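Work through the exercises below with the sequence and the model open. Try each task before reading its solution.

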Amino acid sequence: MSNNAGKVVCVTGASGYIASWLVKLLLLRGYTVKATVRDINDPKKLDHLLELEGAKERLQLCKANLLEEGSFDSAVEGCEGVFHTASPCIFNVKDPQIELIDPAVKGTLNILKSCAKSPSLKRLWSSYELSKTLAEDAAWKFVRENNIDMVVINPGVVLGPLLQPSLNQTSATILTLINGEQMLLNPCVGWIHVKDVANAHIQAFDISSASGRYCLVERVAHFSDIVKITQEIFPTLPLPEKFVEDESLVPQFQVSKEKAMTLGIEFIPLDVAVKETVESLKEKKFLNL
């Protein structure tokens, strides 16, 4: 902890699922964290952050809006690193341009403009879909033109305990499975534990040789595999018995762990991530077992 004493970093969208874990681990490692949120007067968004160990001494809340240019200036000022996690994660949208693409792309560029004004900044991390890909493309162009050191973390579907009181999108998907909804689609995706994602961000800051993009996937699996894992751990849950795509499963793909392991990530197994997600949903009273 003493090695990080005095180091100041910024986390955007700090009340979110991944960001909350990032703030927690940064505080535990002794960093001073400037956390941006849209509303600094909303206890539902802030209380879980203010209760974290070290928050009283080293957590500063800053109001900022992705679509307001300059609103991140004060949050970024004096920081050695910026962890940009503020980007919408919504599966069902009515207007992708307004709900996803504009906040991701314009928001990322607004944050980068604030970073470009800060002489103390040493490195920027951007976290992970079309909107985020567009945001990343725009970001790489901007950082090259403005000589900013950026590392990108691209996680798969993120599971694990919730720190925030609200239900995030990926946890809501697991909750849907647990509640026994039938005839769900059965896509094949990469899965990763939220602690590994948060830890990867911090390691990418601490390790000076970190560069480029890091893909974080512990295991590639179908949704039906998640159901099987859940059924083994919690045999009494009313899980789905049939999926639309059961008879013609999308082939599994592979994601290399080699580069991510250079950050010291050991990867928490998928079955542990599933177990902790379900237990957290129960603890937060989203699920009655």
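## Exercise 1: A covered strand

Strand E1 (residues 8-12) is mostly covered, with five of its five residues buried. The model is a predicted one.

**Task.** Which residues of E1 point one way, and which the other way?

**Solution.**
- Step 1. Start from the general pattern. In a regular strand, side chains alternate between the two faces of the sheet.
- Step 2. Apply it to E1. Val8, Cys10 and Thr12 point one way. Val9 and Val11 point the other way.
- Step 3. Check burial. All of these E1 residues are buried.
- Step 4. Find the partner strand. E1 pairs with strand E2 (residues 32-37) in the parallel sense, over four bridges.
- Step 5. Pick out a pair. Val33 in E2 is the bridge partner of Val9.

## Exercise 2: An enclosed helix

**Task.** How many residues of helix H1 are buried, and which are they?

**Solution.**
- Step 1. Locate the helix. H1 covers residues 17-28, twelve residues in total.
- Step 2. Check its span. The distance from its first C-alpha to its last is 17 Å, close to the expected 16 Å.
- Step 3. Apply the cut-off: buried means under 20% relative accessible area. Ten of the twelve residues of H1 are buried, so the rest of the structure largely encloses the helix.
- Step 4. Name them. They are Tyr17, Ile18, Ala19, Ser20, Trp21, Leu22, Val23, Leu25, Leu26 and Leu27.
- Step 5. Look just past the helix. Gly30 takes a positive phi there, of about 95°.

## Exercise 3: The nonpolar cores

**Task.** Which residues have the most contacts inside the largest nonpolar core?

**Solution.**
- Step 1. Recall the general tendency. In soluble globular proteins, nonpolar side chains tend to be buried together.
- Step 2. Take the core itself. The largest one has 65 residues, and Val11, Val23, Leu26, Val33 and Trp191 have the most contacts inside it.
- Step 3. Ask what supplies it. H1 gives the most to this core, with nine residues.
- Step 4. Follow Val33. Beyond its neighbours within four places in sequence, Val33 is in contact with Val9, Val11, Val23, Leu26, Leu27, Arg58, Leu59 and Gln60.
- Step 5. Look elsewhere. Apart from the largest core lies another, of 22 residues, including Phe72, Val76, Ala139 and Met150.

## Exercise 4: A three-stranded sheet

**Task.** In what order do the three strands of the open sheet E7-E8-E10 stand, and which are at the edges?

**Solution.**
- Step 1. Read the order. It is E7-E8-E10, with mixed pairing.
- Step 2. Find the edges. Strand E7 (157-159) and strand E10 (219-222) each have a single partner strand, so one side of each lacks a neighbour in the sheet.
- Step 3. Add the twist. Neighbouring strands here are turned by 45° against each other on average, direction ignored.
- Step 4. Examine one pairing. E7 and strand E8 (residues 188-193) run parallel and are joined by three bridges. Val158 stands opposite Ile192 in E8.
- Step 5. Add the packing helix. Helix H11 (residues 270-283) touches E7, E8 and E10, and its direction makes about 60° with that of E7.
- Step 6. Bring in helix H7 (residues 169-178). Eight of its ten residues are buried. The buried residues of H7 pack against H1, E7, E8, helix H9 (223-233) and H11.

## Exercise 5: Three loop residues

**Task.** Buried, partly exposed or exposed: how do Ile40, Glu80 and Glu53 each count?

**Solution.**
- Step 1. Set the limits. Under 20% relative accessible area is buried, over 50% is exposed, and in between is partly exposed.
- Step 2. Take Ile40, in the loop between E2 and helix H2 (43-50). Its value is 38%, so Ile40 is partly exposed. Setting aside neighbours within four places in sequence, Ile40 is in contact with Leu46, Leu61, Cys62 and Lys63.
- Step 3. Take Glu80, in the loop between helix H4 (73-76) and strand E4 (81-84). Its value is 19%, so Glu80 counts as buried. Not counting residues up to four places away in sequence, Glu80 touches Lys7, Val8, Ser120, Leu121, Lys122, Arg123 and Phe205.
- Step 4. Take Glu53, in the loop between H2 and helix H3 (55-58). Its value is 62%, so Glu53 is exposed. Leaving aside neighbours within four places in sequence, Glu53 is in contact with Leu27 and Leu28.

Definitions and conventions: Residues are numbered from 1 along each chain as its sequence is written. This is a predicted model: local features need pLDDT of at least 70, side-chain atom pairs count only at pLDDT 80 or more; totals for chains, interfaces and linings use all residues. Side-chain values use heavy atoms; hydrogens and water are left out. Helices (H or I, at least four residues) and strands (E, at least two) are DSSP runs, numbered from the N terminus. The expected span of a helix is 1.5 Å times one less than its number of residues. Buried means under 20% relative accessible area, exposed over 50%, partly exposed in between (1.4 Å probe, protein chains only). Two strands pair if DSSP finds at least two bridges between them. Axes are lines fitted to C-alpha atoms, for helices over the stretch in contact, and angles run from 0 to 180 degrees between N-to-C directions. Contact means heavy atoms within 4.5 Å. A nonpolar core is a set of buried Ala, Val, Leu, Ile, Met, Phe, Trp, Tyr and Cys residues joined through side-chain atoms within 4.5 Å.
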